[in-house]
Amino acid sequence: MSEGSDAPRRGWSSKRRETVYRELRDVLDSQQSVMDDIDDKALRTVRITALLLGVVVPAAGLAAVTFQPLLAAVGVLALVLSAIVGVLTYGESDLVVGPSGAYAVSLATGDDGDWELDFLVELASWTESNAADIADNGRLLFYTQVLFVVGIVTLTASVAFYPIVTYLGA
């Protein structure tokens, strides 16, 4: 087989570019793992929140369990908001994990200019875009968990403080 311009080459044109590619590919893979972890934590929080709401709301109607109404309302609201923000966190996950079909075809059928450099530039832009998405989802997860904790604390306080409020006549 002759070495024509269409003959496939083995590897990258330089060791430097191959190293940059491997590093960027590792970053994309790591970013996917981080986002999966964020999504998992958000969904676990939503599930636990739904379970708590399924227990707390019916318990409000039972005579044996008494809640301080304002604290209970704040707690339930915080839990509902936690569930909503948790679902938004999961829904916002949209990382770039590799080239789109159109971009891959463009690279494969384009001119033989410096396609490697073009590809590496695109990979770098994908990692930057993913980093921004991960930061946004990390903030949403933080809000989800803060609202969850606020809900738990205020619901607990509504039960604990009910006898005190009742005794003081407030």
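Two rings of Phe, Tyr or Trp count as a pair here if their centres lie within 6.5 Å, with the six-membered ring standing in for Trp. Keep that in mind for the opening stop of this tour, and remember that you're looking at a predicted model.

**Stop 1: the aromatics**

Select Trp 12, Tyr 21, Tyr 103, Trp 115, Phe 119 and Trp 126 and show their side chains: together they make up one aromatic cluster. Across the structure there are eight aromatic pairs.

Now zoom in on Tyr 103 and Trp 126. Their ring centres are 5.9 Å apart and the planes sit at 80 degrees, an edge-to-face pair. Colour by helix and you'll see that this pair links distant parts of the chain. Tyr 103 belongs to helix H3 (residues 101-109), while Trp 126 sits in helix H4 (residues 115-160), 23 residues apart.

Stay on Trp 126 and add Phe 119. These two rings are 6.3 Å apart at their centres, and their planes meet at 80 degrees, so this pair is edge-to-face too.

Are these three rings buried or exposed? Switch on a surface and check. Tyr 103 has 15% relative accessibility, so it counts as buried. Trp 126 is buried at 10%, and Phe 119 is buried at 11%.

**Stop 2: salt bridges along helix H1**

How many salt bridges does a search of the whole structure find? The count is eight, and we'll visit a few of them.

Start with Lys 15 and Glu 18, whose closest N and O atoms are 4.0 Å apart. Both residues lie in helix H1 (residues 15-59), three residues apart, or about one turn of the helix. The two ends of this bridge have unlike surroundings: Glu 18 is buried at 17% relative accessibility, whereas Lys 15 is exposed at 58%.

Next, select Arg 25 and Asp 29. Their side chains meet in a salt bridge, N to O at 3.3 Å. They are four residues apart in helix H1, so about one helical turn separates them. Asp 29 is partly exposed, with 40% relative accessibility.

Move along to Asp 37 and Lys 41, another salt bridge with an N to O distance of 3.3 Å. Here too the partners are four residues apart in helix H1, about one helical turn. Asp 37 is partly exposed at 37%, and Lys 41 is partly exposed at 36%.

For the last selection, go back to Lys 15 and Glu 18 and add Arg 22: salt bridges with shared partners join these three residues into one network.

How values were computed. Residues are numbered from 1 along each chain as its sequence is written. This is a predicted model: local features need pLDDT of at least 70, side-chain atom pairs count only at pLDDT 80 or more; totals for chains, interfaces and linings use all residues. Side-chain values use heavy atoms; hydrogens and water are left out. Rings of Phe, Tyr and Trp (its six-membered ring) pair if their centres lie within 6.5 Å; planes under 30 degrees apart count as stacked, over 60 as edge-to-face and the rest as tilted. Helices (H or I, at least four residues) and strands (E, at least two) are DSSP runs, numbered from the N terminus. Buried means under 20% relative accessible area, exposed over 50%, partly exposed in between (1.4 Å probe, protein chains only).
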